[in-house]
Amino acid sequence: MSIIEVNHLTKYYGKSRGIVDISFKVEEGEIFGFIGPNGAGKSTTIRLFLSLIYPTKGEAKIFGKDCIKFGPELRQEIGYLPSEVFYYEGMKVLDLLKYSASFFQKDCTKRMHELSDLMELDLKRRISDLSYGNKKKVGIVQGLLHQPKLIVLDEPTAGLDPLMQHKFFDLIREENKRGATVFFSSHILGEVQRLCNRVAIIKEGSIINIQDIKTLQKDNYKKVRVTADDLDEKRFKVKGVTDLEKENGSISFFYKGDINAITKLIGSRKISDLTIEDLTLEEIFMHYYE
Amino acid sequence: MNIYLHEFKTRLSSVLIWSGSIAALIFVFLSMFQAFAADAAMVDDLMKAFPEELLIAFGMTDMDWSTILGFFGLLFTFAQICLAIQSANYGVGLVSVEETEWTADFLLSKPVSRTRIMTSKLLAAITSLAITQAVIWVCSFAFISIFRQGQTYQVKPVVLLLLSMIIFQLFFLTVGMLISLLVKRVRNVLPISMGLVFGLYILNAFGSMIGEKSLEILSPFQHFSPSYIIKHAAWDWSLVMISVAAIIISVVGSYVLYSRRNIPSAV
C-alpha cells in the first residue's frame with residue numbers, strides 16, 4: 001500500500017489554475033521531493049492532502065484512505081509544517097505546544113520536550129515576541145511532536161539559519177529511519193538533492209517528471225569541459241551534444257549518449273584538461289523549465 | 001473539549017469587559033431614576049421636547065419614564081445595542097479569526113473535523129454570552145430593588161425582557177457567523193459586526209418612523225422591542241419566530257458553508 005496515492009487530482013480556484021490532473025504515488029519510507037518554482041501548485045497539492053481545500057476533480061489517498069472523507073482520522077498520523085508559520089500571538093510557546101499535543105490520542109509530552117531541547121526553543125516566551133526563525137522552530141516541534149507516520153513539509157527551511165537547517169535535516173532523516181515517510185516540497189534544489197530519494201518536478205500545475213534522484217542525475221546528461229590548444233568546436237557537433245560553448249580556449253557542452261563515443265572523440269586530440277561531471281539538480285531543473 | 005477551553009480562555013477578558021460595561025450602564029441609568037420618579041411632570045415636558053418621530057424611531061413611545069418599569073425599558077434599549085455588538089463581534093470573528101490571523105492551517109491540520117471545530121467554538125461563544133447575560137440578570141434585579149424609590153412593579157415584563165436576551169444574542173452571534181462565511185475573507189471583524197448591528201437598528205428605527213411594517217419584520221430590535229414587551233407583558237410571538245427562524249437558517253447555513261470552505265493560504 002502506498003502512503004500517498006494521488007489520482008487525477010485537479011484544483012481550480014474559480015477560474016485560476018491550482019493543479020491539473022496530477023497523479024503519483026509515494027511509497028512507505030521514502031523521502032519524496034516535490035520541486036517547482038513559486039506558483040507551480042506545490043502548496044495547493046499539500047493543502048489538498050490536509051483537506052484545507054477541496055479538490056475540483058480527482059482524489060488523494062493517504063494510508064489508503066480518502067483524505068477528505070477520513071481527514072480527521074488520517075491527520076492523527078500526519079505532521080505538517082507550512083511554509084509560513086502563524087500561531088496564536090497571545091499564547092506562550094509551551095501553551096501552544098500543549099494545545100497542539102491535546103489533539104492527539106497519544107501522549108506527546110516527552111517528545112515535545114526532546115524536540116524543543118534539540119531546536120533550542122525557549123518555552124516560556126510569548127509567540128508574539130518570537131522572531132520568524134523561532135516561530136519556524138515552534139512549527140517544527142508542533143509538527144513532529146506526535147511522531148507522525150507521514151511528515152508533510154512545505155518549503156520548511158525558509159527562515160532557519162544554516163546551523164538549524166542542518167539540525168532540521170538530521171531530524172528529518174532520523175524520523176525517516178524511524179519509519180516515517182516524508183513529503184518534501186521545495187524550490188531549493190540543493191536541499192532536495194541532499195535529502196530525497198525520489199523527486200517529482202511540477203510545472204504550471206502539472207507534473208512533468210518523476211524520477212529517482214540518482215537516475216535523474218546519472219541516466220541523463222553529462223557536463224563535459226575540454227581544454228586544449230587550437231580546438232575546433234565544430235568537431236563536437238555530433239549526436240547527443242547540446243549547449244555547446246567556447247570560451248578562453250576551452251569547450252563545454254552537455255552530452256547524452258554513449259560515453260565511449262565521446263571519450264574516443266576527445267581522445268583523438270591532444271588535450272590539456274578534461275572534466276566530465278553529472279549535472280546538478282539545478283541544471284537539470286533549468287533544462288525542464290526552458 | 002480542548003478547542004472549547006482554548007476559545008473560552010481567549011475570549012474571557014473580552015467577556016469580563018463587556019459584562020462590566022453593561023453592568024455599569026445599568027447602574028448609572030438606574031441611579032438617575034430618582035430624578036425622573038420625583039417629577040413626573042418634568043418627564044412629560046422632556047418627552048414633549050423631542051419630536052414625536054424621533055421617539056417613535058427609538059422605540060421610546062408607550063414608555064412612562066416616571067415608573068421604574070418604563071425607565072428600565074428605556075435603559076434596556078441601550079443594553080440591547082451593547083449586547084448586539086458583543087454577540088455580532090463574537091459571531092463574525094468565530095471562525096474567521098483563524099483566517100485573519102492565519103492560524104487556520106494550524107487548527108485544521110489537526111485531527112479534528114470542521115464540524116467539531118465549529119461546534120466547540122459555537123458552544124464556547126454561547127458560554128461567554130451566557131456569562132454576560134447572567135451578570136445582566138443579577139444587576140438588573142439588584143439595581144432595580146436599590147433604586148426603585150419604593151415603587152412596586154410587575155416582575156413579569158422584566159423577566160420577559162431579560163429572557164429575550166437569549167434569542168437576541170443568538171441572532172447576532174449566528175447571523176454574524178453566517179456573514180463571515182459568506183465573504184471570501186474577513187479582514188476586520190468590527191466593520192462587519194457594527195454594520196450588521198446598526199444596519200438592523202436603523203432599519204427598525206426608519207421602519208417605525210415611516211410606519212413601514214415590512215422593514216421592522218427584519219430587525220430583532222423590533223422583534224424584542226422593550227416598549228412592546230413592557231406594554232403587553234408578553235412577547236410578540238409572530239415576530240419572535242422570525243428571529244428563531246433566522247437563527248436556525250444561520251446555524252445550518254454556517255455548518256454547510258464551513259464544511260465546504262477552501263481555506264485561503266497565507267502565501
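Begin by selecting helix H1 and helix H7 (residues 114–147) of chain B, whose axes come within 9 Å and cross at roughly 20 degrees. Because angles under 35 degrees count as roughly parallel, that crossing makes H1(B) roughly parallel to H7(B). If you turn the view to look through one helix at the other, H1(B) passes H7(B) in a right-handed crossing. Colouring the contact of H1(B) with H7(B) by residue class should give 20 nonpolar, seven polar and three charged residues. Please keep in mind throughout that this is a predicted model.

**A residue on H1 of chain B**

Stay on helix H1 of chain B and select B:Ile3, which lies in that helix. Is B:Ile3 buried or exposed? B:Ile3 counts as buried, because it has 21 C-beta neighbours inside 10 Å, and the cut-off for a buried residue is 20 or more. Leaving out residues up to four places away in sequence, show the partners that B:Ile3 touches, which are B:Ile117, B:Ser120 and B:Lys121. For a view across the chain, draw a distance from B:Ile3 to B:Ser193: the two are 190 residues apart in sequence, and their C-alpha atoms are 23 Å apart in space.

**A second helix pair in chain B**

Next, select helix H5 (residues 68–100) and helix H8 (residues 155–182) of chain B, which pack at an angle of about 25 degrees with their axes 7 Å apart. That angle makes H5(B) roughly parallel to H8(B), and H5(B) passes H8(B) in a right-handed crossing. When the contact of H5(B) with H8(B) is coloured by class, its residues divide into 21 nonpolar, eight polar and no charged.

From H5, follow the backbone into the loop between H5 and H6 of chain B, where B:Trp102 has its place. B:Trp102 is not a glycine, yet it has a positive phi of about 60 degrees. As background, most residues other than glycine have a negative phi. B:Trp102 counts as partly exposed because it has 18 C-beta neighbours inside 10 Å.

**Chain B as a whole**

Now zoom out and show chain B as a cartoon, in which there are 13 helices and zero strands. Along its principal axes, the C-alpha trace of chain B spans about 65 × 40 × 30 Å. What radius of gyration would a compact globule of 267 residues have? The value would be near 18 Å, and the 20 Å of chain B agrees with it. Colour chain B by burial and you will find that buried residues make up 41% of its 267 residues. If you display the contacts in chain B with a separation of 6 or more, residues 24 or more positions apart account for 80% of them.

**Where the two chains meet**

Bring chain A into view and select the residues of the contact between the chains, which takes 19 residues from chain B and 22 residues from chain A. On the side of chain B that touches chain A, helix H1 (2–31) and helix H6 (104–108) each supply at least two residues. Of these elements, highlight H6(B), from which the largest share of that side comes, namely three residues. Coloured by class, the residues on the side of chain B that touches chain A divide into eight nonpolar, seven polar and four charged.

**Across to chain A**

Hide chain B and look at chain A, which has ten helices and 14 strands. The C-alpha atoms of chain A fill a box of roughly 70 × 40 × 35 Å, taken along the principal axes. Of the 290 residues of chain A, 38% count as buried, and among its contacts between residues at least 6 apart in sequence, 69% join residues at least 24 apart.

Select A:Phe253 in strand S13 (residues 250–255) of chain A. A:Phe253 is buried, with 22 other C-beta atoms within 10 Å. Setting aside its neighbours within four places in sequence, you can show the contacts of A:Phe253, among them A:Val224, A:Phe236, A:Val241 and A:Leu244. Then select A:Lys223, which is 30 residues from A:Phe253 along the chain, while their C-alpha atoms are separated by 6.0 Å.

Finish at A:Asp21, in strand S2 (residues 16–26) of chain A. The phi of A:Asp21 is near 50 degrees, a positive value in a residue other than glycine. Since A:Asp21 has 13 C-beta neighbours inside 10 Å, it counts as partly exposed.

Key: Residues numbered from 1 in each chain as written. Chains lettered and ligands numbered in written order. Predicted model: local features only at pLDDT ≥ 70, side-chain atom pairs only at ≥ 80, totals over all residues. Helix = DSSP H or I, 4+ residues; strand = E, 2+ residues; numbered from the N terminus. Rg over C-alpha atoms; globule rule 2.2 N^0.38 Å. Buried ≥ 20, exposed ≤ 12 C-beta atoms within 10 Å, placed from the backbone. Contact = placed C-beta atoms within 7 Å. Nonpolar A, V, L, I, M, F, W, Y, C, P; charged D, E, K, R; others polar. Axes fitted to C-alpha atoms, helices over the stretch in contact; angles between N-to-C directions. Parallel < 35°, antiparallel > 145°, perpendicular 65-115°, else oblique. Left-handed = near helix turned anticlockwise from the far one by under 90°.
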